[in-house]
Amino acid sequence: MHEIFLDELKKLNARFMEMGVLVNDLIDRGTRSFVEHDKKAAQQMIVEDKEVAKEAVKIEKKALELMALQQPVATDFRVVISILKATTDLERIGENANSIAIETVRVKGNPRLPDVEKVISNMTHQVREMLVQVLTAYVQENEKDARQMVLGHAKVYKDYKNARQMIIDGVEQEPDAAVASASYFVIIRLLERISDHIVNLASWVIYKTSGELFELIKPDPKEK
Amino acid sequence: MTNVMEAKNVKLKYGNFEALHGISLAFPAQKLTALIGPSGCGKSTFLRCLNRMNDDIDDIKITGEILLEGKDIYHSHIDLVALRKKVGMVFQQPTPFPFSVFDNVAYGLRIAGVKDKELIEQRVEESLKQAAIWNETKDNLQRNALAFSGGQQQRICIARALAIRPEVVLLDEPTSALDPISSSEIEETLMALKQKYTFIMVTHNLQQASRVSDQVAFLMNGELIESGSTQEMFLSPKKEITNNYLNGRFG
């Protein structure tokens with residue numbers, strides 16, 4: 001009987017990881033399409049985002065089924081619950097990546113600020129690396145690495161604040177870039193949100209491995 | 001939190017066979033402690049030590065201490081009847097005596113020498129109410145207890161145990177012979193009674209343990225593997241083997 005549960009759990013874990021890879025790819029494509037002004041790639045991506053949502057529903061269904069029919073407790077319970085909760089965060093990350101693609105379509109053809117786009121590229125790189133790290137920590141049940149995500153997020157948050165100032169300065173010097181700047185604001189905010197969801201993922205890794213449930217300390221968004 | 005009972009390094013031997021290898025466990029007042037573990041792990045043997053039900057077995061040797069309100073119940077000065085007045089017991093199969101509900105519940109009081117009819121009547125009613133069986137028996141108090149359903153019989157037995165106002169009630173798989181509805185009624189009864197009594201329950205029903213207990217002790221092969229609050233045990237047990245047992249991976 002328990003082999004069946006463990007087997008199902010293995011499949012569920014594999015699905016979750018696949019979804020993670022898919023979402024990571026979306027972040028890359030979303031920002032790349034923006035920086036490379038590739039409207040077509042962005043449009044293609046908007047269509048594909050529905051796949052992530054579908055995959056999330058499949059994972060959730062399976063996890064709920066395991067909860068109801070196998071009634072796991074203790075460690076097994078934590079594993080299933082963390083997948084269930086982490087899937088929501090992963091799905092949100094996918095949605096945020098998709099919103100970046102939508103900005104690409106919106107801003108196409110308007111004057112841009114290359115320096116800001118460079119910062120956006122860097123932030124994207126950082127966020128993607130964090131996602132890979134947190135998913136690896138998830139698989140390896142590495143609580144220590146999961147806790148490191150707070151540092152990564154602090155860096156993203158700092159970049160976010162700097163980028164905001166850069167955009168303001170940039171649009172002052174080049175008022176034609178106002179339309180693009182509106183999108184820049186949205187995108188840096190989305191990247192910061194993605195990073196925030198990654199910290200949530202990290203807290204699910206910690207819950208899964210140790211049973212400790214708490215919110216990892218993040219920078220206060222109200223702080224100027 | 002005060003402990004009503006406490007076992008300290010309790011070992012039990014049947015001849016040369018050691019069935020309990022030194023169990024230490026405290027039972028906090030007004031809490032329900034569930035003893036869980038695979039068949040033959042020693043949980044019922046341990047439970048029966050708590051009111052000296054194993055004493056009459058041939059060639060048995062029990063060492064260590066079991067303190068009830070600070071006094072060792074295995075001390076030679078202890079009066080067994082007095083001990084069992086303080087530590088009541090409810091068994092797996094409902095065991096009503098083959099006479100009326102009233103006489104069943106009054107039995108312990110009469111044994112204890114209570115003569116006051118009014119007091120007995122009052123205690124019988126109170127105990128039946130506490131065991132949540134009053135409404136079903138109040139018009140049939142003279143009916144033979146065996147004429148009631150299994151679930152009702154078990155609650156009559158709980159009322160009988162409560163009538164003498166024990167400190168601790170031992171429950172040996174109290175619902176395993178009952179259907180889910182009767183079991184759930186017993187569970188509700190226990191939840192309400194926890195305000196007043198301390199319960200120690202052996203159960204194979206892990207969901208039941210998670211629902212009604214405050215503390216869980218997991219025994220295996222005569223040893224206490226792990227104990228802790230029910231939340232801790234069912235969410236984050238410290239040992240892998242506890243997790244495996246709770247998820248039905250053996251036993």
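**Exercise 1.** Find which residue just after α1(A) takes a positive phi, then check the span of helix α1 of chain A against its number of residues.

Solution. Just past the end of α1(A), His37(A) has a positive phi of about 55 degrees. The model is a predicted one. Helix α1 of chain A covers residues 2–35, which is 34 residues. At 1.5 Å a residue the expected span is 50 Å, and because the end C-alpha atoms lie 50 Å apart, the two values agree.

**Exercise 2.** Describe how β1(B) and β2(B) are joined.

Solution. Strand β1 (residues 3–14) and strand β2 (residues 17–28) of chain B run antiparallel, with 9 bridges between them. In this pairing, Asn3(B) is opposite Pro28(B) of β2(B). The two strands make a hairpin with 2 residues between them. Gly15(B), in the turn, has a positive phi of about 60 degrees.

**Exercise 3.** Identify the residues that touch the most other members of the largest nonpolar core, and the contacts of Ala202(A).

Solution. The core has 125 residues; those touching the most other members are Val134(A), Ala202(A) and Leu35(B). Helix α6 of chain A (residues 178–210) contributes the most to this core, 15 residues. With neighbours within four places in sequence set aside, Ala202(A) contacts Val134(A), Ala137(A), Ala146(A), Arg147(A), Met149(A) and Leu216(A).

**Exercise 4.** Determine how many residues of chain A are in contact with chain B, and break that side down by element and class.

Solution. Contacts link 10 residues of chain A with 11 residues of chain B. On the chain A side, helix α3 (residues 74–107) supplies the largest share, 5 residues. By class, that side holds 5 nonpolar, 3 polar and 2 charged residues.

Terms used:
Residues numbered from 1 in each chain as written. Chains lettered and ligands numbered in written order. Predicted model: local features only at pLDDT ≥ 70, side-chain atom pairs only at ≥ 80, totals over all residues. Helix = DSSP H or I, 4+ residues; strand = E, 2+ residues; numbered from the N terminus. Expected span 1.5 Å × (residues − 1). Pairing = 2+ DSSP bridges. Core = buried A, V, L, I, M, F, W, Y, C linked by C-beta atoms within 7 Å. Buried ≥ 20, exposed ≤ 12 C-beta atoms within 10 Å, placed from the backbone. Contact = placed C-beta atoms within 7 Å. Nonpolar A, V, L, I, M, F, W, Y, C, P; charged D, E, K, R; others polar.
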